[in-house]
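User: Please take a close look at one helix pair in this model. Then set the pair in the context of the whole chain.

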Amino acid sequence: MTTTALSLSSPLTLPCGQVLPNRIMKSALSEGLGTDDHSPDVRLERLYARWGSGGYGLLVTGNVMVDRRFLGEPGNVVIEDDRDADALTRWAKTAKDGGSPIWMQLNHPGRQGNPITTDGRTVAPSAVGVTIPGIPAPRELTDAEIHDIIERFATAATVAEECGFDGVQIHAAHGYLVSQFLSPLSNLRTDAWGGDIDHRARFLLEVVRAVRAAVAPGFAVAVKLNSADFQRGGFTEDESRAVVEMLSRESIDLIEISGGSYESPAMMGKPSTASASTRAREAYFLDYAATVRAAAPSTPIAVTGGFRSETAMSEAIGSGDCDVVGLGRPTAVVPESAHRVISGRTPVLDSADLSLRLPSRLRTSPSVKSIEGALDLQWHTDQLHAMGADREPDPQRPLRKTAVTTVKRNGIDAFRSKRAVTAGASQQSAVRKFRRERLIGRYVANPTVLTLRKLGVRTHLATELETIGRTTGLARRVPVAAAFDDTGAWVISQHGRRSGWGRNIESDPEVRIMQGSTWRTGQATFRPDDDVVARSRTFSSNPVLASLNAAGFRALQSDPISVRITFTD
């Protein structure tokens, strides 16, 4: 592949014959703009109209899931058949009207499935959970289920082609299902799908082969692959290069290099270490990409993550270290980034500083890094939602507003039924609603509170309540938020009198609550006349945490009740 006289505006001919008009790609950003039925709607059309006229050589969509039982987050579009063909066709056409080809990113979350949206347990190569508080362990996939998922990828690719998309990208990075098969940390199988890298790569290769066999020769098939997991004992760069070599023999049109997972979010620019070369050249994974040329000399390589200046992008293309430069987060704030960079109007794209303002002793904590990575993603998702609503991005948006929208987007509000239902259906909906809310407490709120305590964050949002089990007679502790005063404390029972500890205090109102580092004894009584939203705002003097807490209770469809604890010690 010739590497001289190439620039960002040079076209690129792919192995399938498709021609990209230039070398800047809008990389996948999960939009979260699907309907309640996981279909695309006018919001995605508005967003991709902005990107379609932004001057990109290629647009890649965010996560499109292949199984509606397993979503990465609320708002994912799902393709299992052609039921949404008309809406998908409009989505593709809107993007292509601006002159850019569009590929659909296909994905299955595996063990990173959202626990609130998942029907039952998540699935994975092995029953190994992620090391993120609140995410339950998955169950191991059967051989038959693995083959079913492979066919689902092929079916989704077929529908994408029929609806006018120019290609698909198989997401094999960032800790999702395909990446889980590749990693020895998450794939402990001893059958044909696990073991050495040849066997762990089998799932990815079978997905690629099934997709390629299902689509036309001129339809692009790409893979997004981790350079490494950035975890001890995980998927290594040597193994990644071996997989690249395998992919180069499978009629792949483009390999996009990224890295990390939501346990170790290197793709957010937060790997544990960064070389001087990486800092100087901006791209997080460019040094690695330069080493895969020998493994796949004729396969185009894209690198995403860290590029901000025209100089660094042009050097990466001109040197031949990569063939395509991917832009992700900058396109959420400046949708016409490619036009601006290629024309020279914007030599350096701005990068928002979205770090939490925490003491230095907490900044290196893996939990804090995960939270920062999640908020960073959600802040950029807020910008996509603004464009989907026909508004302009807001580069000055405060992070506290994102904290609130995160609760609303991923909390109960995201799952409310918008349709009229019968009395019987309402009863079933109420049962499902309670289960969802209980899951939020068990797998999101409670672990977050415990994590804050472990990090040494001494706010009233991170304390514990001890009740006596009504059937066991044993002490039971739960994380709670509280507001203390001279004579006692206020807490809120999210599920009112239905919660486990709520039932406990009805049976025995004597409780203990942790105030600072001291256990206090008191009598608990329900106060249904108290305003729980107003009360929740008193649980923290920090306006960000206060707003976040209040938004959480506003989003609930349960019957939260304030509980007054009067000290008796």
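Analyst: What follows starts with the chain, turns to the helix pair, and ends with a few single residues.

This is a predicted model. The chain has 19 helices and 20 strands. Of its 569 residues, 55% are buried. Its accessible surface is about 23000 Å², and carbon and sulfur atoms hold 50% of that. Take the contacts between residues at least 6 apart in sequence: 70% of them join residues at least 24 apart.

Now the pair. Two packed helices are described by the angle between their axes and the distance between the axes. Helix α3 covers residues 143–162, and helix α6 covers residues 202–214. Their axes come within 8 Å and cross at roughly 35 degrees. The crossing is right-handed.

Which residues meet? On the α3 side they are Ile146, His147, Ile149, Ile150, Phe153, Ala154, Ala157, Thr158 and Glu161. On the α6 side they are Arg202, Phe203, Glu206, Val207, Ala210, Val211 and Ala214. The residues of this contact comprise 11 nonpolar, 2 polar and 3 charged.

Look at α6 alone. It has 13 residues, so at 1.5 Å a residue it should span 18 Å. Its end C-alpha atoms are 18 Å apart, which agrees. Its buried residues are Phe203, Leu204, Leu205, Val207, Val208, Ala210, Val211 and Arg212. These buried residues pack against α3 and also against other elements. Two strands are on that list, β9 (167–172) and β10 (220–226). So are the helices α4 (177–182), α5 (197–200) and α7 (237–247).

Next, some backbone details elsewhere. Most residues other than glycine have a negative phi. His38 has a positive phi of about 65 degrees, although it is not a glycine. It lies in the loop between β3 (24–26) and α1 (42–52). His38 is buried, because its relative accessible area of 15% is under the 20% cut-off.

Asp390 also has a positive phi, near 70 degrees. Its loop runs between α14 (366–388) and α15 (399–410). Asp390 counts as exposed because its relative accessibility, 63%, is over the 50% cut-off.

Last, the segment after β20 (561–567), where Asp569 lies. At 55% relative accessibility, Asp569 counts as exposed. Asp569 touches Trp519, Arg520 and Thr521, leaving aside residues up to four places away in sequence. Thr521 is 48 residues away along the chain, yet the C-alpha atoms of Asp569 and Thr521 are separated by 5.5 Å.

Note on methods: Residues numbered from 1 in each chain as written. Predicted model: local features only at pLDDT ≥ 70, side-chain atom pairs only at ≥ 80, totals over all residues. Heavy atoms only, no water. Helix = DSSP H or I, 4+ residues; strand = E, 2+ residues; numbered from the N terminus. Buried < 20%, exposed > 50% of the residue type's maximum accessible area, 1.4 Å probe, protein only. Contact = heavy atoms within 4.5 Å. Areas by Shrake-Rupley, 256 points an atom, 1.4 Å probe, with all protein chains shown as cover. Axes fitted to C-alpha atoms, helices over the stretch in contact; angles between N-to-C directions. Left-handed = near helix turned anticlockwise from the far one by under 90°. Nonpolar A, V, L, I, M, F, W, Y, C, P; charged D, E, K, R; others polar. Expected span 1.5 Å × (residues − 1).
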